Amino acid sequence: MRVAILGMGSVGKGLLQVINQKDLGITVTAVADSKSALMDRDGISIEEVLEAKKIHGYCGDTSLSSVDVVTKAAYDVLVEVTPTNATTGEPALTHILQALTRGRHVVTSNKGPIAREFERLHRCAAKNGVMLRYEATVGGAIPVIHVLQQGLAGNRVRAIYGVLNGTCNFILSRMAAEGLSYEQALLEAREMGYAEADPTYDVKGIDPAIKLVILANTFWKKTVQLEDVDITGIDMITNDAIRLAEEEDCTIRLIAEANPERGILRVAPRLLPLSHPLVVEGTLNAITIETDLAGEITLIGKGAGSVETASAIIGDILFIRDFHAGSHKKAP
Ligand SMILES: NC(=O)c1ccc[n+]([C@@H]2O[C@H](COP(=O)([O-])OP(=O)(O)OC[C@H]3O[C@@H](n4cnc5c(N)ncnc54)[C@H](OP(=O)(O)O)[C@@H]3O)[C@@H](O)[C@H]2O)c1
């Protein structure tokens, strides 16, 4: 399987390292970052490209760009791991559309274009007879999209709810465990590298709402947009609120919930019994799926991280390979 990788940040580098370490039958024929690109149809040297990025800050030829890779490189799967833009989906949206139109499969961890243009991108993939996989956009290493699309095929998904943002979960966990104020816990999250300098996306609940949109579009099969989600973040949660919850053997978690039967699509802080499966600690994510046949299934795992996100991307690449090797009969 020949792959081209756009983006050499935390996820792109983690993916390159895993491909280099494991014998997965994946050849990297092109890479690009924001300033340069490198292409070789016989396969690039992963060690050399990682070293070049470390020394120079860019990975290849500065006269080439990501668009050269998408339109000219020799690859079967484009891996799109550039930064998320939830408003426009760019530059990933253009990269993905160009690759699909060229008849190439796409695997991405980029929430922006998948949440914004779910239907358009899937129509484009279908029209060109290729696959678009996006496991890494929700829940990091947790294979929730595979579970929804393959494992629970034939089930009716009644509802899905969960902890979809590790930064918020870390802050709430630390407030409960150490009696920290919201501001103190946020500062700690920043120091640990879990929160961005501008944490708005996370603490206002926008990031989990984008993930909820992707999940809802996946299992609901009708177009839902970010604007359809009722969003309340965690930035107004006080330590007193957490103490009061504890008096009732409960705690507070930021829960994203989609329930088509009850018309619910929301992200909000919720009171949960301490024994509830969604009460996970630190940066973990947890997702419960309610179905008619399988009953309730809860998945818990790492919601972010370089190698953890690479795990989800590799699962998608190998799914595409196996599908085309004939081990599956019909595209999901
Ligand atoms: N990190 C995680 O744990 C995680 C988990 C799940 C999903 N995601 C998603 O995965 C994506 C990548 O995350 P990340 O943490 O790896 O981000 P990151 O560390 O900010 O890296 C982004 C990379 O994209 C490159 N880039 C920017 N614009 C580009 C362009 N036009 N063409 C080609 N490359 C371009 C950047 O180039 P330079 O190196 O030149 O700046 C950088 O190498 C994001 O969409 C993120 O939301 C991340």
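A residue counts as exposed if 12 or fewer other C-beta atoms lie within 10 Å of its own, as buried if 20 or more do, and as partly exposed in between, with C-beta atoms placed from the backbone. All views show a predicted model, in which local features need pLDDT of at least 70, side-chain atom pairs count only at pLDDT 80 or more, and totals for chains, interfaces and linings use all residues. Residues are numbered from 1 along each chain as its sequence is written.

**View 1. The two sides of helix 6 (residues 118-127).** Helices (H or I, at least four residues) and strands (E, at least two) are DSSP runs, numbered from the N terminus. Look for Glu119, Arg123 and Lys127, which are exposed. On the other side you will find the buried residues Phe118, Leu121 and Ala125. They share one side of helix 6 because they cover an arc of only 75° around the axis, taken from the directions from the helix axis to the C-beta atoms. A handy reminder: an α-helix has 3.6 residues a turn, so residues three or four places apart point the same way.

**View 2. What surrounds helix 6.** The cover over its buried residues includes helix 4 (92-101), helix 5 (111-116), strand 6 (132-133) and helix 11 (206-220); contact requires C-beta atoms, placed from the backbone, within 7 Å. Just past the end of helix 6, Gly129 has a positive phi of about 65°.

**View 3. Where domain 1 meets domain 2.** Domain 1 spans 2-141 + 307-327 and domain 2 spans 147-303, with bounds from an automatic or database domain assignment. The contact draws 13 residues from domain 1 and 15 residues from domain 2. On the domain 1 side, helix 5 and helix 6 are the elements that give two or more residues, and helix 5 supplies the largest share, three residues.

**View 4. An open sheet of six strands.** Follow the strands in the order 8-10-9-7-11-12, with mixed pairing; two strands pair if DSSP finds at least two bridges between them. Strand 8 (230-231) and strand 12 (296-302) are the edges, each pairing on one side only. Strand 8 runs parallel to strand 10 (residues 264-273) over two bridges, and Ile231 sits opposite Val267 of strand 10.

**View 5. Helix 11 on the sheet.** Helix 11 touches strand 7, strand 8, strand 9 (250-259) and strand 10. Its direction makes about 40° with that of strand 9, where axes are lines fitted to C-alpha atoms, for helices over the stretch in contact, and angles run from 0 to 180 degrees between N-to-C directions.

Notes:
Contact = placed C-beta atoms within 7 Å.
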